[in-house]
Amino acid sequence: MVMSTKSKPVIAIDVDDVLADSAQGFVEFSNQRWGTHLTVEDYDERWSKMWGVDIEEERRRAHVIYNAKVVKGFKHFEEAIPVLTRLKSHYKLVITTSRSKFVEKETLEWLNTHYAGIFEAIYLSGFYDELKEHSHKQTKAELCQKIGANYLIDDHPKHCFAASEVGVKCLLFGDYSWNRNTSIANNMKKVLNWKEVEKFFDEERKKLQKQGK
Ligand SMILES: [Mg+2]
């Protein structure tokens, strides 16, 4: 086999609800801890709205969630592993997540447990972290630009829209209440599962080969 000297295109991959069954884990914890009756269909990243509580109560619960290290127990998507393993020979795979610094250690450990040896770098955007001196809150689109990502796989329309505007090809991942009926911009494709992700990249490589790239 002839090894290419060209550097591999970069795929930035989100964690929550793309690699981890996060909304499911979240609502299970909420139901147990606060007696809610939420399902994944009810999940909303605006937690106060989802719970019907004020911001104070949301903050209190957020601390409970961070302290309980809930993210450690999230299930991973088994079907992602063979796809990522195959993609790895053609692409540089990196993590881009909006997760808070509060759970950085748990996030790294979790990735190492479930997706060992797959990702070349892990970037936290710090999107929800307090702004400190010398630190910078980045949007995922900014982060994608900074790290030179060619592709983004993310379940959140807002991240896909923003990243597609700066020239990143975006795969809007999964079949969730928050991304089901959304429109699709140029540079964006809806993929329901990891099989469709693989199909997209197979076709993408064929297309580029035809164009002689
Ligand atoms: Mg996500």
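This text walks through a predicted model, beginning with its two domains and then turning to contacts inside the chain.

The domain assignment divides the protein into domain 1, made of residues 10–20 together with 76–210, and domain 2, which covers residues 24–73. If you take the centres of domain 1 and domain 2 over their C-alpha atoms, you will find them 23 Å apart.

Where the domains meet, 14 residues of domain 1 are in contact with eight residues of domain 2. The size of an interface is often given as the accessible area lost when the parts come together. For domain 1 and domain 2 this buried area is about 1,100 Å², and 56% of it lies on carbon and sulfur atoms. On the side of domain 1, the residues Phe102, Glu106 and Trp178 supply 36% of the area that is buried against domain 2, which is more than any other three residues supply.

The interface also holds charged and polar pairs. Three salt bridges are found across the interface of domain 1 and domain 2, and the count of residue pairs in polar contact between the two domains is four. Helix H5, which runs over residues 104–114, gives the most to the side of domain 1 that touches domain 2, contributing three residues. Sorted by class, that side of domain 1 has six nonpolar, three polar and five charged residues. To see one salt bridge in detail, look at Glu106, whose partner is Lys69, with the closest N and O atoms 3.3 Å apart.

We can now widen the view to the whole structure, in which a search finds 18 salt bridges. One of them joins the side chains of Asp14 and Lys140, with a distance of 3.0 Å from N to O. Because Asp14 lies in the loop between strand S1 (10–13) and H1, while Lys140 lies in helix H6 (residues 140–147), this pair ties together parts that are 126 residues apart in sequence.

Aromatic rings offer another kind of pairing, and a search of the whole structure finds 17 aromatic pairs. How are the rings of Phe26 and Trp47 placed? Their centres are 4.8 Å apart and their planes stand at 40°; since planes under 30 degrees apart would count as stacked and those over 60 as edge-to-face, the pair of Phe26 and Trp47 is tilted. Phe26 belongs to helix H1 (residues 22–34) and Trp47 to helix H2 (residues 47–51), so the pair ties together parts that are 21 residues apart in sequence.

Definitions and conventions. Residues are numbered from 1 along each chain as its sequence is written. This is a predicted model: local features need pLDDT of at least 70, side-chain atom pairs count only at pLDDT 80 or more; totals for chains, interfaces and linings use all residues. Side-chain values use heavy atoms; hydrogens and water are left out. Domain bounds come from an automatic or database domain assignment. Contact means heavy atoms within 4.5 Å. Buried area is the accessible area (1.4 Å probe) that two parts lose on being put together, summed over both. A salt bridge is a side-chain nitrogen of Lys or Arg within 4 Å of a carboxyl oxygen of Asp or Glu. A polar contact is a pair of N or O atoms within 3.5 Å; within protein, one must be able to donate a hydrogen and the other to accept it, and residues adjacent in sequence count only if both atoms are side-chain atoms. Helices (H or I, at least four residues) and strands (E, at least two) are DSSP runs, numbered from the N terminus. Ala, Val, Leu, Ile, Met, Phe, Trp, Tyr, Cys and Pro count as nonpolar, Asp, Glu, Lys and Arg as charged, and the others, Gly among them, as polar. Rings of Phe, Tyr and Trp (its six-membered ring) pair if their centres lie within 6.5 Å; planes under 30 degrees apart count as stacked, over 60 as edge-to-face and the rest as tilted.
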